[in-house]
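Trainee: I have a model open and would like to learn how to read it. Where should we begin?

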Amino acid sequence: MRERHASQGARRAQEFESFVAGAAGRLLHAATLLTGEAPYDNPRARRLLTLALAHTYASWDRLRGEDPYDRTREYLATRFARGAWHHYGGLLARARPHPDSALAHLGPHERLVLVLRLFEGVGEEQVAALLGVPLERVHTMCDRATATVLHPPRKPAPPAAEPEVAAS
Amino acid sequence: MNRLEREAAARRIMERVQPVPPPDLYEDVVRRGSRLLRRRTAVRRLLWLLLVAGLVAFTVWALTVQPWVEPPSDTTPPLTDW
């Protein structure tokens, strides 16, 4: 009995390890785009990915045929959405996207919609359901975000730095 | 440029640089995941314990108080000599 239990645990660990090996790169890429960090310096994305994978690990036995990748991505997205909502006010300075990010000119919600829709190829209906917003809003946000990514605004100079330059 | 082309172009921009996952990711995930599992088990055990304790307390109370037994009437004066 105990032996069977142990071998089951070993198989489970092996399955999970191969899942992480296969999915971590793609998911980290998506998370880095979400947090708007540079690909070479992404502590927030790594933390987000670790939390999402740990959550998948904890519910690995209760997936019941559901795709673990989808589950992890869903957790990642909802967790980011919650965080983005909270950080929108005061802590924005910390959450401001790095200029080397591909999505540097987008807000957190636009990044979320764009990454889910285009980078991950999730359907519009599913994105709308996941974020709890109407379908049309997902559509327009995605269009606007795509346009911003293709034609970024010229000079997004931070207003705080300008007076100093003018004074000297 | 139509919608599909624009989407494809944006996808290419997003896929340009691929970040490398940290080497200790798996160990970190398993450590956190096991902690999550342990915590869940502890919470479930605690809830079961509370349920069982409540049931035992109720049974003991019911057996001692026996609320289904009609209490002896003490409003009517006892009938004596008639």
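Mentor: Begin with helices and strands: these are DSSP runs, a helix being H or I over at least four residues and a strand E over at least two, numbered from the N terminus. Arg35(B), for one, is found in helix α2 of chain B. This is a predicted model, in which local features need pLDDT of at least 70 and side-chain atom pairs count only at pLDDT 80 or more, while totals for chains, interfaces and linings use all residues. Residues are numbered from 1 along each chain as its sequence is written, and chains are lettered from A and ligands numbered from 1 in the order in which they are written.

Trainee: Is Arg35(B) buried or exposed?

Mentor: A residue is buried if 20 or more other C-beta atoms, placed from the backbone, lie within 10 Å of its own, exposed if 12 or fewer, and partly exposed in between. Arg35(B) has 12 other C-beta atoms within 10 Å, so it is exposed. In chain B, buried residues make up 6% of the 82 residues.

Trainee: How many helices and strands does chain B have?

Mentor: Chain B comes to two helices and zero strands. To judge its spread, take the radius of gyration over C-alpha atoms and set it against the globule rule, 2.2 Å times the number of residues to the power 0.38. For chain B the radius is 35 Å, well over the 12 Å that the rule gives for 82 residues, so the chain is more spread out than a compact globule. Its C-alpha trace spans about 110 × 40 × 10 Å along the principal axes.

Trainee: What does the contact between chain A and chain B take from each chain?

Mentor: Two residues are in contact if their C-beta atoms, placed from the backbone, lie within 7 Å. Here the contact takes 23 residues from chain A and 23 residues from chain B. On the chain B side, α1 (3–14) and α2 (25–65) are the elements that give two or more residues. The largest share, ten residues, comes from α2(B).

Trainee: Where does helix α1 of chain A bend?

Mentor: A bend at a residue is the angle between axes fitted to the seven residues ending there and the seven starting there. Helix α1 (residues 2–35) of chain A bends by about 45° at Ala23(A). Buried residues in α1(A) include Val20(A), Ala24(A) and Leu27(A). After α1(A) comes Gly36(A), whose phi is positive, near 70°.
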